[in-house]
Structures are given as C-alpha cells and as structure tokens.
Amino acid sequence: METSACCCKHSQECNPSSEEAINTAYYAAIDKLNKRQSSPEAIQKIKDSGNLLNTNSTPEFNAYLEKIGYTPEDLDRLHIIHVAGTKGKGSTCAFVSSIMQQVDSPRRLKVGLFTSPHLIEACERIRIDGKPISKQLFTKYFNEVYDRLTSPTPPLKKVTPDTRDIPVYFRFLNLMAVHAFLSEGVDVAVMEVGVGGQYDSTNAVRKPIVCGIASLGLDHLALLGSTIDSIAWHKAGIIKDSVPAFTVPQEDAAMHVIRSRAAERNAPLSVAEPLPAGKYQLGIPGDHQRINAALAEALCREWIRIRASDADAAKVDSWVAEGIRQASWPGRSQTFESPRHANLTWHVDGAHTVESMTACAKWFAAERASFSGQCVLLFNFTHERNFKDLLQTLNKYAGDCGFVEAVFCPNITNRADSVNFTVHRDEKLGQQRECAKAWAEIHGNETTKVLPSINAAVEYIENKYGKGNGAETHVLATGSLHLVGGVLDVAKGSI
C-alpha cells in the first residue's frame, strides 16, 4: 500500500528510510492536525451564538475540494456507501467494509473506510482493505492536503467571510480521506458520518450508491435537538434523490421522519430486520450486533446489485457470510488479558449513549456469568453527555456484577494522537469527581477513585489488583471511545 515518492515539499519526510524518521514526520503532521481542534473558548462562543452547526458545511467542503484539486463530481468515482446513526454506525461500517472486501466480481475490490474517532492512532480513521494506512502514507497525504490548502493559488472560494482557510480537525481528515481514496484508486468507499448527517462534511457526496441509517437515540442534543424526531431529521439528511436507503427498526417518531425525508427525495427506503440468532457467525461479539450486521448485509447486497449485477447469487451469499464472520471492530465488546498480570482481564466497550450502555451492560453481565473473581469499573464520560443516565443504565443491567471499586479519569493520555484541546484539564477532572459521587449514590459503593489521566488509572488498577494480588480481577472500561482507546494503548499496547 506504500506508494511512489511524494511530490509535495515534504517529500523527504514522506519517504524516510528509518523508523525514527517516519515517526518524526508523522508526529509533526499530528501536531499540525491537533492545531485544527477548536479551543474551549471558541466552542463556548459558538454555543453562545446559538449557531451550533455549520449549515454551510457542504458548500465549504466543496470549496476545500476545489482548492486541493478536486470537484464534487470526483466523489462519485468512490462509489460511496454512506452511513449515519447514533448507535452502531461504526460497527455497521466495519461489517460493510469486511463484506465488500470479499467481493471478487470481476476482481477483488479495493475498499476504503473512513470512520471516527480513532482509538490509539489517527491512521485508524482512514483504512484500505480493513487496515489503517501506515504512518508514512498518513504523513504523505496529510502534507499534500496541507500544502495545497496553504498555497496562495488557487485562492480558496470562501462561502462566507467566516470560512476558515484550513478546515477544522474532522473536516480536514474527511478531506484527507477523500484525497487518499482517490489517490489509491479504491473501488468503493465506506463513509461514516461524524455528527448528525444533514450538515456533516461527509454529506458533500452527491451520488452515493446506497445510504444507511443505523439505530437512533438521544446523543449530541446540543447540536441535533433534544427529541428523537429532530435527531432523525438530521440523520436522514444523508438520503439523496432517488438513491436507495436502508434503516433498521426505529421508534415510531424517528421512523416517521425518516420515511418522510426519503419520500421527499423519491428515495426507495427499506427496513433491515435484525438477523435471526445463528444465521451468521458474527466477527464482532455481542447479541446487539445482529442489527448492525443486518443493515450492513442490506447495504452490501444493494451495492452489489447496482455495481456488480452479474454476480452469482451463491457467491453473494458466501461473500456476505464470510465478511460478517471476518469483521473486526476494536473497542466494542472486546476482552483481553493483561500482558503484565495473569490475574487481570480487561473488558472494554465504547458505549456512550443510554442505548449503547444498555447493550454494553448486558454484554458484561453475560460475561460475568462465565467467570469468578471480583470486578472493577473504570469509567469516563465526555462533557456533553448525561453521565447520570449512563451510570443508572449500567447499574440497572450490571450492578450485580460485584464491582468492588469504581475508578474515574478524564480522557487524557501521554499519546500525541489523543490530545484534546476542546476542554480545559481542570474542567475534565471536575466532571469525573461529579461522576464518582453519582456512582456512589446510584450503586451504593463508596469505594471510588478519581485519577488525572488514563495512564494513571491503568497504573493504579494494575498496582492494586495485579501486582502481588493473586485474586482474579475483571475490569470493565466504558463510557467513552476515547477512554477505551487509551486503555487499549496503555494496558494492551495495541488495538
């Protein structure tokens, strides 16, 4: 997947000969990328203005595309599968990518996948054939996009006076993914929406092959509204004129909105029912994944019907079954043994909505039935979410698992890829103290600990329950994908 020499002014950085040089160039790119994050003050200013979503996101993204040498029509060459949703859209995209990698009509497809957030390294957001692009390739494409954006020619066609010269963090990576996929010649790109759908930068795609809307729930309320129908309106914004769309069973209010938006655009809409238990072997564990796999199957079968209509039906069935079996999505219902302490096992899940926490808690409770020993909770929440609802849900379905202690920490690690400038450090720590107090009230166990970072939390748990302690201990880490990524990095060393 490593490509020929880079034509940008950073060509020496893009094609270094040593691992040290590769890392140096990569982290120089990450440093520039991190500067595209919005400060807490800037975010508060936007909130105060009441204009939380950039309604000009599509024309602005098209302007950035033109600035780096592409047109909106170029996106059509990616034959996109576009997926929105609240819960399960990432897993759905992982299933879709895995299925599409099995297609070999008339040849094996090259499959691009763009998702967010990353767990450990930013490279994870841009994948080709299921694998994150290398640091070397990430640096190459980052520098090419950055250089084109900062070049005086051609001038950026600003949509409004407030249009930034360089897009913010997520939109920059979205732009970079498009550049990488077009440069690498992918046959199909699976694009996961960032937030919402209607005003998400991924919605600049004009003619996806098929669109999917995963399970909806209440999340990002400040941005999308506090009702399920408001959230459904934003998510269904990815539906395009006459483009087939699929969703899964939803609340009546949400389904009404999705159907209305599809009808407005003359887009055929179908509902994918959850897979019957045992129909396929799921590569991503958890009973709740049957609904995500069902949506993925529907999306892939429709893409194949449109783009590979001569494919043999039996072959399509085998591609779907094998793709679902081989699918992998780290950080969701994942279990691993500590590489340093034989008596310590980690169970990690990035649940961060009431719906996903319900699934996580049920999964862990089922796991708990298969092992003895004590349990420890490691929890984190991000500032825009209702942590009490999450903790009450966790306690409802997994409160009897025998948590002897609950540890809380902000999403702070020592890794450059995980730096978060959008919230002040003191504010993050204060939020976790509130969380610990709430857990003691909800669960009734006042044995809690608040620590300043994920590194400190993992070290504390290992020192107390691993070193010199022969008791079997199982740690559930949940509440945030950022927490799970940090735990995988610090406690395991990889995804």
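Contacts between residues 24 or more positions apart make up 78% of the chain's contacts with a separation of 6 or more. This is a predicted model, and the values below are computed from it.

**Overall build**

The chain contains 17 helices and 14 strands. Its radius of gyration is 22 Å, which agrees with the value near 23 Å that a compact globule of 495 residues would have. Along the principal axes, the C-alpha atoms fill a box of roughly 60 × 50 × 50 Å. Of the 495 residues, 58% are buried. The exposed surface of the chain comes to about 19,900 Å², and carbon and sulfur atoms supply 49% of that area. The chain carries 53 positive and 56 negative charges, and the mean positions of these two groups lie 2 Å apart.

**Confidence**

The mean pLDDT of the chain is 90, with 91% of the residues at 70 or more. Residues 1-14 have a pLDDT below 50, and this stretch makes 39 contacts in the model beyond near neighbours in sequence.

**The loop between helix 6 and helix 7**

Helix 6 covers residues 135-150 and helix 7 covers residues 169-184; Leu 156 is in the loop between them. Pro 154 belongs to the loop between helix 6 and helix 7, and the peptide bond leading to Pro 154 from Thr 153 is cis, with omega near -10°.

Is Leu 156 buried or exposed? Leu 156 counts as buried because its relative accessible area is 17%, and the cut-off for buried is under 20%. Setting aside residues up to four places away in sequence, Leu 156 touches Ala 63, Tyr 64, Lys 67, Thr 163, Arg 164 and Asp 165. Ile 166 is 10 residues from Leu 156 along the chain, and their C-alpha atoms are separated by 9.5 Å.

A cis peptide bond also joins Ser 105 and Pro 106, with omega at about 0°. Pro 106 is in the loop that runs between helix 5 (89-100) and strand 2 (111-114).

**Two residues with positive phi**

Asn 266 is not a glycine, yet its phi is positive, at about 55°. Ser 333, likewise not a glycine, has a positive phi of about 50°. Asn 266 sits in the loop between helix 10 (252-264) and strand 8 (269-271). Ser 333 is in the loop between helix 12 (313-326) and strand 9 (334-337).

How do the two stand with respect to the surface? Asn 266 is exposed, because its relative accessible area is 59%, and the cut-off for exposed is over 50%. Ser 333 has a relative accessibility of 3%, so it counts as buried.

**Strand 14 and helices 14 and 15**

Leu 476 is part of strand 14, which spans residues 473-478. Leu 476 is buried, with a relative accessible area of 0%. Beyond residues up to four places away in sequence, Leu 476 touches His 347, Cys 360, Trp 363, Phe 364, Val 376, Leu 377, Leu 378, Leu 394 and Phe 403. One of these contacts, Cys 360, is listed with its C-alpha distance in the table below.

His 443 lies in helix 15, residues 425-443. What does His 443 touch, not counting residues up to four places away in sequence? The residues are Asn 395, Gly 399 and Phe 403. Phe 403 is also among the residues that Leu 476 touches.

Gln 392 belongs to helix 14, which runs over residues 387-398. With a relative accessible area of 43%, Gln 392 is partly exposed.

The table gives C-alpha distances for four pairs of residues, with their separation along the chain.

| Pair | Separation in sequence | C-alpha distance |
|---|---|---|
| Leu 156 and Ile 166 | 10 residues | 9.5 Å |
| His 443 and Asn 395 | 48 residues | 6.4 Å |
| Gln 392 and Gly 323 | 69 residues | 36 Å |
| Leu 476 and Cys 360 | 116 residues | 9.7 Å |

Two of the pairs can be matched with the contacts given earlier. Asn 395 is one of the residues that His 443 touches, and Cys 360 is one of those that Leu 476 touches.

Notes
Residues numbered from 1 in each chain as written. Predicted model: local features only at pLDDT ≥ 70, side-chain atom pairs only at ≥ 80, totals over all residues. Heavy atoms only, no water. Helix = DSSP H or I, 4+ residues; strand = E, 2+ residues; numbered from the N terminus. Rg over C-alpha atoms; globule rule 2.2 N^0.38 Å. Buried < 20%, exposed > 50% of the residue type's maximum accessible area, 1.4 Å probe, protein only. Contact = heavy atoms within 4.5 Å. Areas by Shrake-Rupley, 256 points an atom, 1.4 Å probe, with all protein chains shown as cover. Lys, Arg positive; Asp, Glu negative; His and termini not counted. Charge placed at Lys NZ, Arg CZ, Asp CG, Glu CD. pLDDT = per-residue confidence, 0-100.
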